[in-house]
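Hi everyone, thanks for coming. Please have a look at the sequence and the structure on the screen, and then I'll walk you through them.

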Amino acid sequence: MTDDANRPVKALLTMDEVVNVLDNAGRMGVTEIAERLDRPQSVVHDYLSTLTQLGYVVRTNGKYELGLHYLELGGRVRDRIPLYQVARPEVQRLAEESSSESVTLCVEERGMCVALDVVQSNESITYDWSPGSYFHMHLSGAGKAMLASYPEQRVESILDNHGLPARTEKTITERAELYEELEEVRERGVSFERGEYNTGMHTISAPILDEEGKVLGGLSVSGPAHRMNEPDVEAELEDKLLSSVNIIELNYNAR
């Protein structure tokens, strides 16, 4: 059974369009949104008014933007995830002890990699991902670590649905090349992302498994390429990363 609705509710699809416009634009007026969606202003106004009433949108000086109610809902959803509950202390510890710039806990949802937790130890560097960010699996170290632990049929299904779009010139866009790298990940136990998501940034990641070998998520350590490329740094981070993953797995299975 697929997740596609047999008879999708058009009103919800339109609401999603309005929300996506506000997500991308930040703040807009009714006329701007109506033009962007090519819909009557009266219809757009009705949707905005309803979303405002429900607390999903706020209106300031005649312009609309997404409200913090989404943050509240997202926080509740995340707090209910057992992996997040178990892994959060270790994510914090790894960020503090590794002297890295960013530690990210990810899970897979509907074939995409989702950041559950992001702890940044160096605030001088700006990263373009945060809790809730979605990535294509092949673009991220954690995504590749999870793919390497999946059955081949599931990997094929994910690639069929989402493809292998390029984000940088170093992004893997051919299946044969990706499969070859996934085999290397299985042999070594960790994956590497070298400028495939962000130019100048490197990531080392490992999958998190339960006691039956089922993939729970992935853990990543990211930083500037010039530092991550140093052999001693890479070896140290790999040891620390695998140690953290081991602790998370032990605590998760001991619940």
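**A walk through the fold**

Let me start with one pair of residues: Val103 has Val221, in strand S8, as its bridge partner. Before I go on, please keep in mind that this is a predicted model.

That pair belongs to a longer contact between neighbours. Strand S3, residues 102-109, and S8, residues 215-224, are joined by 5 bridges and run antiparallel. And which strand is joined to S3 by 8 bridges? That is strand S4, residues 112-120, and this pairing is antiparallel too. If you'd like a residue to click on, take Ser102, whose bridge partner in S4 is Gln120. With these strands around, is S3 mostly covered or mostly open? Mostly covered: of its 8 residues, 7 are buried.

Now follow the chain from S3 into S4. The hairpin has 2 residues between the strands, and Arg110 there takes a positive phi near 55 degrees. Arg110 does so although it is not a glycine. Its relative accessibility is 61%, and since anything over 50% counts as exposed, Arg110 is exposed.

There is a second residue of this kind. Asn61 sits in the loop between strand S1 (57-60) and strand S2 (63-66). Its phi is near 50 degrees, again a positive value in a residue other than glycine. Asn61 is exposed as well, with a relative accessible area of 78%.

Back to the sheet. On the other side of our opening pair, S8 meets strand S7, and here 9 bridges join two antiparallel strands. One of the pairs to look for is Pro207 with Gly218 in S8. Putting the strands together gives an open sheet of 6, in the order S5-S4-S3-S8-S7-S6, with antiparallel pairing. Which strands stand at the edges? They are S5 (134-136) and S6 (191-194); each has a single partner strand, so one side of each is left without a neighbour in the sheet. On average, neighbouring strands of this sheet are turned by 30 degrees against each other, if you ignore direction.

What lies across the sheet? Helix H10 lies across S6, S7 and S8, and runs at about 25 degrees to S7.

That brings me to the nonpolar cores. The largest one has 28 residues, and those with the most contacts inside it are Leu83, Leu105, Ile204, Ile208, Leu219 and Leu241. Where do its residues come from? At least two come from each of helix H5 (82-98), S3, S4, S7 (201-209), S8 and H10 (231-253). H5 gives the most, with 7 residues. Apart from this core lies another, of 23 residues, and Cys106, Ala142, Val155 and Leu164 are among them.

Two of those names lead us on to helices. Let's take Ala142 to begin with, which is one of the buried residues of helix H6. H6 covers residues 141-149, and 8 of its 9 residues are buried, so this helix is largely enclosed by the rest of the structure. The buried set includes a lysine, Lys144, as well as Met146 and Leu147.

Now for Val155, which takes us to helix H7. As a reminder, two packed helices are described by the angle between their axes and the distance between the axes. H7 (residues 152-162) and helix H8 (residues 175-188) pack at an angle of about 140 degrees, and their axes are 13 Å apart. The crossing is right-handed. On the H7 side the contact is made by Val155, Glu156, Leu159 and Asp160, and on the H8 side by Arg175, Leu178, Tyr179 and Leu182. What is the make-up of this contact, in nonpolar, polar and charged residues? It divides into 5 nonpolar, no polar and 3 charged.

Let me finish by zooming out to the whole chain. The secondary structure comes to 10 helices and 8 strands. The C-alpha trace spans about 60 × 40 × 40 Å along its principal axes. Of the 255 residues, 44% are buried. And among the contacts with a separation of 6 or more, 56% are between residues 24 or more positions apart.

That's my tour, and I'm happy to take questions.

Terms used
Residues are numbered from 1 along each chain as its sequence is written. This is a predicted model: local features need pLDDT of at least 70, side-chain atom pairs count only at pLDDT 80 or more; totals for chains, interfaces and linings use all residues. Side-chain values use heavy atoms; hydrogens and water are left out. Buried means under 20% relative accessible area, exposed over 50%, partly exposed in between (1.4 Å probe, protein chains only). Helices (H or I, at least four residues) and strands (E, at least two) are DSSP runs, numbered from the N terminus. Two strands pair if DSSP finds at least two bridges between them. Axes are lines fitted to C-alpha atoms, for helices over the stretch in contact, and angles run from 0 to 180 degrees between N-to-C directions. A crossing is left-handed if the near helix is turned anticlockwise from the far one by less than a right angle, and right-handed if clockwise. Contact means heavy atoms within 4.5 Å. Ala, Val, Leu, Ile, Met, Phe, Trp, Tyr, Cys and Pro count as nonpolar, Asp, Glu, Lys and Arg as charged, and the others, Gly among them, as polar. A nonpolar core is a set of buried Ala, Val, Leu, Ile, Met, Phe, Trp, Tyr and Cys residues joined through side-chain atoms within 4.5 Å.
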